[in-house]
Amino acid sequence: MFSNLTDYFMKDYLSLYFVFIVILVSVPMIIYSIGYVNEYKKQYSIKYFWVMMMIFIFSMIGVVLSNNSIMFMVFWEIMSVSSFFLVIFDYYEKINIQHGIMYFIMTHISGLFLMFMFAFIEKYSGSIDFCSIISYSKVFTTYQKSIIIILALIGFGAKAGLIPLHAWLPKAHPSAPSNISSLMSGVMLKIALYGFIRTAFMFMRDVPITYEIVIMLVGALTAVFSMINALYQNDIKKLLAYSSAENIGIIFSTLGISMIFQSFGLKEFSVIALTAALFHILNHAVFKSLLFSSTGSVLYSTGTKNMNELGGLHKKLKFTAYCAFIGTAAISAIPPLNGFASETLILKSFIQGAIAVKKPEFVLLILAAGIILSLTSGGVLWCSVKAFAMTFLGEPRTEKSVKVHKIPITMNIGMGILSLFAVILGVLSPIFLNIISKISSTIMMQEEVISVISFGYEITIVTGIFAVIIILMQIFFKLIDKRKTEKNITWGCGFNYQKPYIQYSPDGLVQPSSRFVGQAAMYKKEVKISSSGIFLKQKTRDLIDKYIYGNVTKFIDALSRKIIKIHYGKIQIYISYIFIALIFAVVFVVKFV
């Protein structure tokens, strides 16, 4: 009965690679969730949560294994709907419902454009089968490729979080349970990247260079815009949501430069850039899931994700602090962790591009994108240090950081596994890069596998040496040095017993940057003077959310108030509306599709 079941799935390296990513992150998050769902037992159905979570995970696997557009869209819709129900799982909070609806609308806008994309692909190629479409890739005209790549960029970009289609990210992630935020940011966003890579690199092979430049620049702008907005967030999950969009921007920009290399016939550089993007997809899936899960542990134990109410948690949540530190170092591209390996290769791709591409106008554009990504990496370090330091270091700012709840062992196990992955992927990065380069070479239809090792095995050797040194030092101090150690409070210039509000605040740590980039995040500082003291308050708002989505919402609201006037309450009239709409739909499909 099931002997021919595998005929309905893609079995190429690209699909298998993304299945590996889904499983790699999902298994630790399932373990983590066993303890985390205890938070919701008193108010919600845990069985419902597990069912929706499993549907969500298997639907993502279904998307990357689909071998035709119908199956792809069916699993895509299941993934979208199940994730929507998980976002609004804590439905007693009204704001979660509002944010969930925003996500629901954006994810279906994404689905609509993808349906149009597959419709045009079927019209041009005469097939919905992915293998047939790939074999037809060289026959697509420039005009046909332009239509397909625009629809793909909007459809997959809306799901991944490219600007200006990112607005749902900083709303949905803070509303969703933290384990779901880990899966959405760590895995679901990568499913959109899979779809884009499948379309741009395999269905079409090459697209007009104008669109390749647009992809590179839009990715770079997404990265820097998201980084700036992340810098001013005090909600840890909102900061991580913007950080997710920033990493998606880096990956899209790298995919763009890979496509540019391909257009110039620089196959080797194209494979290196694609390998860097694929490796960063894997690395981001690991360290972002780790950061969201450590944030979930903080939320579980303190009841808040506001950094103004946290601080000093390294004393009470030691294991969580260690895991969060590993995630922070990884996302900041600190060696020898995984983020360092992929971001090094990404920056190398842009440097090579500026040297290899001979046309001055393209060199300037590549340099501009590379410089933006380099500056973004520095900003990410600032954001990450802020999130870790304000949460785990210093002194508790409120009682919430003092009276913490114990973290279930399964949550620590889940975080520990992800931390181990972050270390292994960094220390053994040359091995993983060699494997991924084979996937990239296959995608690019290269007969010979192109080596992409940019720093050899030095990172593995140096890490091993340092590990041995640290172990020997620990043995020395534990076994040989028997002197009794006296512990005293470190002299702090008379400020050893300062009150919590004297230390750095989340707002104060990033305030200097507001003079230079604050306007991009609509940074505003309010000063209130009263008899009880002087109070400073920082406000930010997403520029695109206010001026684009805000105005669109106002327009739809005004239009709805006019349309509602045709609601007469008679079923005959409503049936006629449906009939007229059906006629328009049939005419559109016959005429244009």
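Is C323 buried or exposed in this predicted model? With a relative accessibility of 2%, C323 counts as buried, because the cut-off for that class is a relative accessible area under 20%.

## Cysteines

C131 has a relative accessible area of 48% and is therefore classed as partly exposed, whereas C323, at 2%, is buried. The count of disulfides in the predicted model comes to 0, the criterion being a pair of cysteine sulfur atoms within 2.5 Å.

## Positive surface patch

Four named residues, K524, R541, K546 and K554, form a positive patch on the surface. One of these residues, K524, is placed in strand β1, which covers residues 524-530. K524 has a relative accessibility of 51% and so counts as exposed, since that class begins over 50%.

## Nonpolar surface patch

A nonpolar patch of about 810 Å² also lies on the surface, and the residues that make it are Y547, I548, V552, F555, I556, L559, I563, I566 and Y577. Helix α20, spanning residues 543-563, gives the most to this nonpolar patch, contributing 7 residues.

Among the residues of the patch is Y547, which is located in helix α20. The relative accessible area of Y547 is 48%, so this tyrosine is partly exposed; the value falls between the limits of 20% and 50% that bound the class, and it is over the 30% that a residue needs for inclusion in a patch.

Methods: Residues numbered from 1 in each chain as written. Predicted model: local features only at pLDDT ≥ 70, side-chain atom pairs only at ≥ 80, totals over all residues. Heavy atoms only, no water. Patch = residues over 30% accessible without salt bridge, like charges linked within 9 Å, V, L, I, M, F, W, Y side chains within 5 Å. Areas by Shrake-Rupley, 256 points an atom, 1.4 Å probe, with all protein chains shown as cover. Salt bridge = Lys/Arg side-chain N within 4 Å of Asp/Glu carboxyl O. Lys, Arg positive; Asp, Glu negative; His and termini not counted. Charge placed at Lys NZ, Arg CZ, Asp CG, Glu CD. Helix = DSSP H or I, 4+ residues; strand = E, 2+ residues; numbered from the N terminus. Buried < 20%, exposed > 50% of the residue type's maximum accessible area, 1.4 Å probe, protein only.
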